[in-house]
Structures are given as structure tokens and as C-alpha cells.
Amino acid sequence: MPLFWGSGQRKTRKVKFKWSCRRSDEDGSVCSLRRLCLLSLADNMKETWVKDYSDNYLDRYFFRYIMGPFSLLPGELVEELTQLLATRKQLFRAALHLLLVPQLRGLSLEKCPCLVTPPLCHHIAARCQGLWSLDLSGVQQLSSKVLSETLCCLPDLRSLSLAGTPCDRVVIQTITQCCRFLRHLDISRCRFLSPAVLLLLGVRSSFSSPSCPSGSLGSFKSSSCSAAFSPPPLGSLLALDVGIGEQEEDPVAAAAFLLLSLPRLERVATDGLGQACRLIRQEEFHQTDEFADREGVIRLGEVWQECIQRQKMDSLKEKGEGAAADEGVEDEDGKLWNEYCSDGEEDASRDEGGSSSSQNQAEEQRRGRVLSGDGCLVLRLKDVKGLSCDSLDSLSCLCPDIHSLSINVDADKDARGRNQEFLLASGLQMWSGQLQSLSVNYSGPLVNLLPALEVAGSSLLSLTLEGVKTNPHTPILELIKTCPRLKDLHISAEPPSTPQGEEDEDDQQDDGDLPQLPNLSCLTLKFFYEHSQMKPVMSWMSLRKALRCLLIGSPLLEKISLVSLPCPVNSVLLDVLSTAGQTDFASSADCPPMPLGRVRHIELPRTDVKTLTVKSVMQRSKRIKYVDVSYCWQISMNQWLDCKTLSKVEVVWS
């Protein structure tokens, strides 16, 4: 095989290294020696480390293996260096060739999809057969044949992201046959995939034994089904916005089959998921019979029965393994099951007495429902996306361990005349105190979501509200009070349609009882705008108080995005900058926090911010790396150029 040996023995030449005077990392923290070395490698990559290969070999020879300057580095360092170059937009073809070493375990090319070509995939398949994680999201210039040939050579993959790629049925079939350890799969936005193709991930055909895979689309309708088959142990499946099925109900049927066929699934995002949960909960399996017959798979009722039996035996194994070892009872599943059921009540009471945790009690109750034979199925899902409010009741019964939800809320009433906001609040009751992340897409007034946030807000670490409507009296401060533990807050809203007059200055400065978010690190307030409209209408003047509250009361903020706010922003920033830390928001008298002191990334498009204010923000935070002042009408081109030349911060203006 062709083999390239790195330069260094052919001739001696003087190399001039670039030495950076930096002592801090991208996030402002003090660099370790390891990090400093990686930064030095990145700074000198083009002119030193890959220059010989790039100048003399890159386009002249095809090397299957390369003994280059990074062959002796541990795989985790090569992975970190690759990510550093990709983040800094300095990963080019020659460098990537040398970084594809056998010890590499993780490779993400999502930030540079243009580099991924068929020849590069051949390099990956030949040199990196021990990969555990591969991310090719957004790559468009690969055929399904190239993808399949590459995946055939990567049997150890645990995580695979193919979102937005030409992934099709052949690729999915390759995954099920070759990637037997796969735990995470992202095939979102793959338009060549129909919902029925997803059955290949684990649903067996109707004419085969339980050891055979699905016969979907005829791909497995052969004697190959005689071989034992087990689906990949997927714990995470993201498959939103895939192609269209033959029938409108196909996404719902496919989602129901996947939920029951993948027992380790904890994170899922598929089309029709909410309706699938309701179908399973109400046991309306006959609705999928036509779909199952068309695709040549067993009917959903049979899959449900297998799932129930599997869950019973799993629970039995957990609870009775120790007793079975002592008594030597491991002969017949039926005998063991009967003995366990006869002692179920005694075991439940003993377990309840031995645990003071309410979560453990809920776990025991859940297992008890399954083992009692009442047909109550419990799924392991913890992170679910693509739901509607009317499916929350079914989801709460099937999935008591949910920690993250993404919900679409309709502003209209349901078929029974119930408000969707009421359904949302009542549906979240099941996970009150445990829900950590909530994303709501809602086109109604933001105030209508407060009851739901009062139910789930106490434990939330991340909150996203998309498309909400606001008015001058929207209680944004009440929202902050309901979610005191937030680390990420994202609100995308319509601005008030009616203007609001100036508020009283005394009321604006009354900070005594204002809430705070001391753990907040990422804040996004984005208001919709017309591109033809240069300045937003100042229709929500009282928003200044909430904004001031968020900026002063959140000293850990690292990323701020304030887009087209319907209130003055410049005066708020000046007020926050004048706060030296001795405020009611200080978390410690010995070390008071400094507002905006940890900001690394700030976006202020279409606001009234001025140049002097931007400079003051840049001086306040020594960690800041990026400032966006696009369409800020009070900043001229000369002022922008002045900001760019005075610091190493990337300042964007247009």
C-alpha cells in the first residue's frame, strides 16, 4: 500500500514558528500547558506542520496510510485539535488528511461539510476504522453508495449523525447490518427516507422468526433472515422532517413501531410521535394493520405483546436476580414469574419502607403496574421532541421519567373545546419537579403560558419560547420568578402592536424585589421584524426593567443575543455597566459579581446601541470574542472600523 512518511529525515530546513502571546483560552480561562500546545499547533498548522505534504504530495499522490507529524499523538488530542481548527475555520484539506490517524475515536465535520468528498470518505474508511463517533451533518456531495461503503468499514460506531445528507434505505440497511453497537443516530432532514424505511432499525418481518429484522420495502425478504438478528442498541433517535410516506398516517404508524421495538430508546424526535403515544396508550393497534401488511412486518399488537413480556422479564431480572441465585430458581420463566407475582405485595411494601425518596417510590409503583399484569406499558424515554398538547396525557402515562420536552401548542381549542394552554399546564403536572428542559412553540400571548411555567418552572434549567405574542403589559418579570434555576433562556416573540408611553423613572429604578437568575449563562431575546424596517418601533418601554434585571441579576452570562428589541437598549447597557457589583444581586459580599464581566459573545442587531457603549462592554469583559452590531443605526462604518482596529474582538457590522 502507498505509504507517506512525514518530512524531517530528507533534509534539514529552518522553520519559523508563530508564537502566540496568549495565556487565556477562547473562553477567557487560563490555558493549561496541553491547551497552549494545541493552540500553537493550530497557529502553525498551515505554514509548518502540513506544508511539506501540501506542497509536494497532496494533489500528486493518493496515500492510503500516512505516517505524518500527528501519528504518535493520542487520539483524544487529535480529536481536540481537529475541533479547534474547525471552530476557528482553519481546517483545510491537507490538514484533515494528516489528522485522519488510526487512533482517532471521534470525528465531527459538521462545521466544514464542503471538505467531505468521496475521496475523503475513502481515507476515513481506510485509516479510521476504530471510530466511535462520526458527524457528517449537512454533507450534500456524497452518494448513498459512498455513505454505505464508508459505514461498512466503521463497525465500532456508537454515534452517527447524517442529518441533511442523501441518506436513503440502502444506508439504513447498512447501519443495521454493520453498526451493531450504535447508540445515537441522527437522520433528521433526510428527504430520501420515508417513514417506513425506519422500520429497518428493528421491526421484524411478518413471515420470520423473532430473530429476524424487518422486511420493510422487501429489503429483507430472503433467506438471509435465517441468521440471528438484533437491532442496534439505539438510545437516541432523531428523525424529524424526513421524506413523505405513501399514506398520511405513515409517520404515526412508523413512530409507534419504533417506540415499541427499540427497548433502550431514551431520546427520540420523530414525526407523528404524539399521535403514536396516544395510539399505544389507547391500544388502537388496528389502525396500523394496513401499514404493517403493506410493509411486510408483524402487526403492532404483536409488537406490543412482545414489549410487555420483555419489560416484565427485565423487571423480574432486576428484582428477583438475587433471590433466584439463592434459591436456584432460573429454570422456567413462567414458574419464576408466578412465584414473583405471589410475593409482589410483600416486596412492594418492603421496598417502600426501605426508601425515603419519592423518585424511588415512583419507580417501584411503575414496576408494580407492569408486573401486576394490567398491561400498563412504561417506556424509558427521557428526552422527547415533536409533541402536541393533546398527547401529553398519553405520554405522561407511558413515560414517567421525562426530563426534556419540546411541544407545539396550538392557539385554538381542541375538539372538546379545551384550551391548549390548560392542557399544557395539566399535562406537565406529571413531571413537576423533574423537568429540566422545556421548549414551547406557541403563537398566542406569552401570558397564557404562565400557569404551565408555574407548574414546571421550579426545576427548569433551559426554557425556549418560540413565536409568542407580547404586549406592553406582558409580565416578563413573573416569568423570571417562576424559573429561578434557569441556565438558558431563549424567547422569540412578536413585538407589541400598540406603543407604550414612558414609564416612571422611580418605578424603573426600584430594584428591591426584582427577581434574579444567578445561574443564567445564555440569554436570547429576539423580536420579529420586517427587513425593510430599519428601526424597531419602541412599543414596549417597560421591557427595560426586565432587561436590566436579567443583565444585572445574571453575573454568569456568557452569551447574549438581543435582536430588534422594542425598547432602548443603549441606556440599559450603560446603566448595567455603571453597576460595580455592589447591588442587591450580589451573591457574595466578599466577591461581588460584575455584570457583563464574563460575556464572550454578544449580539445587538437592530438596536439603538452606540459605539462608546460597545467599547465599554468590550472593556468590561476580558473574555469577549465576538460582537454583532449589524443594522445598528447609531453606528457608522468609520466607528465600526475604529472598534475593529482597537481590539482582537471580532466585530460584525453591516
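Here is a short chat about aromatic rings and the nonpolar core in this predicted model.

Me: Why is the pair of Phe 527 and Trp 540 called edge-to-face?
Reply: Their ring centres are 6.1 Å apart and their planes stand at 85 degrees. Pairing needs centres within 6.5 Å, and planes over 60 degrees apart count as edge-to-face, so this pair earns the name.

Me: What makes this pair a tie between parts of the chain?
Reply: Phe 527 lies in strand S14 (residues 522-527), while Trp 540 is in the loop between S14 and helix H21 (543-552), so the pair ties together parts that are 13 residues apart in sequence. Both Phe 527 and Trp 540 are buried.

Me: What makes the pair of Trp 640 and Trp 653 stacked?
Reply: The angle between their planes is 25 degrees, with 5.6 Å centre to centre. Stacked requires planes under 30 degrees apart, and the pair of Trp 640 and Trp 653 fits.

Me: Why does Trp 640 count as buried, and why is Trp 653 partly exposed?
Reply: The cut-off for buried is under 20% relative accessible area, and exposed starts over 50%. Trp 640 has 16%, so Trp 640 is buried. Trp 653 has 21%, so Trp 653 is partly exposed.

Me: How do you know that Arg 158 lies over the face of Trp 132?
Reply: Arg 158 is at 4.5 Å from the ring centre of Trp 132, and the distance limit is 6 Å. Arg 158 also lies over the face of Phe 181, at 5.0 Å from the ring centre.

Me: Which residues have the most contacts inside the largest nonpolar core?
Reply: They are Ile 187, Leu 405 and Leu 428, in a core of 176 residues. Helix H9 (residues 250-261) gives the most to this core, with nine residues.

Key:
Residues are numbered from 1 along each chain as its sequence is written. This is a predicted model: local features need pLDDT of at least 70, side-chain atom pairs count only at pLDDT 80 or more; totals for chains, interfaces and linings use all residues. Side-chain values use heavy atoms; hydrogens and water are left out. A nonpolar core is a set of buried Ala, Val, Leu, Ile, Met, Phe, Trp, Tyr and Cys residues joined through side-chain atoms within 4.5 Å. Buried means under 20% relative accessible area, exposed over 50%, partly exposed in between (1.4 Å probe, protein chains only). Helices (H or I, at least four residues) and strands (E, at least two) are DSSP runs, numbered from the N terminus. Rings of Phe, Tyr and Trp (its six-membered ring) pair if their centres lie within 6.5 Å; planes under 30 degrees apart count as stacked, over 60 as edge-to-face and the rest as tilted. A charge sits over a ring if NZ of Lys or CZ of Arg is within 6 Å of the ring centre and within 35 degrees of the ring normal.
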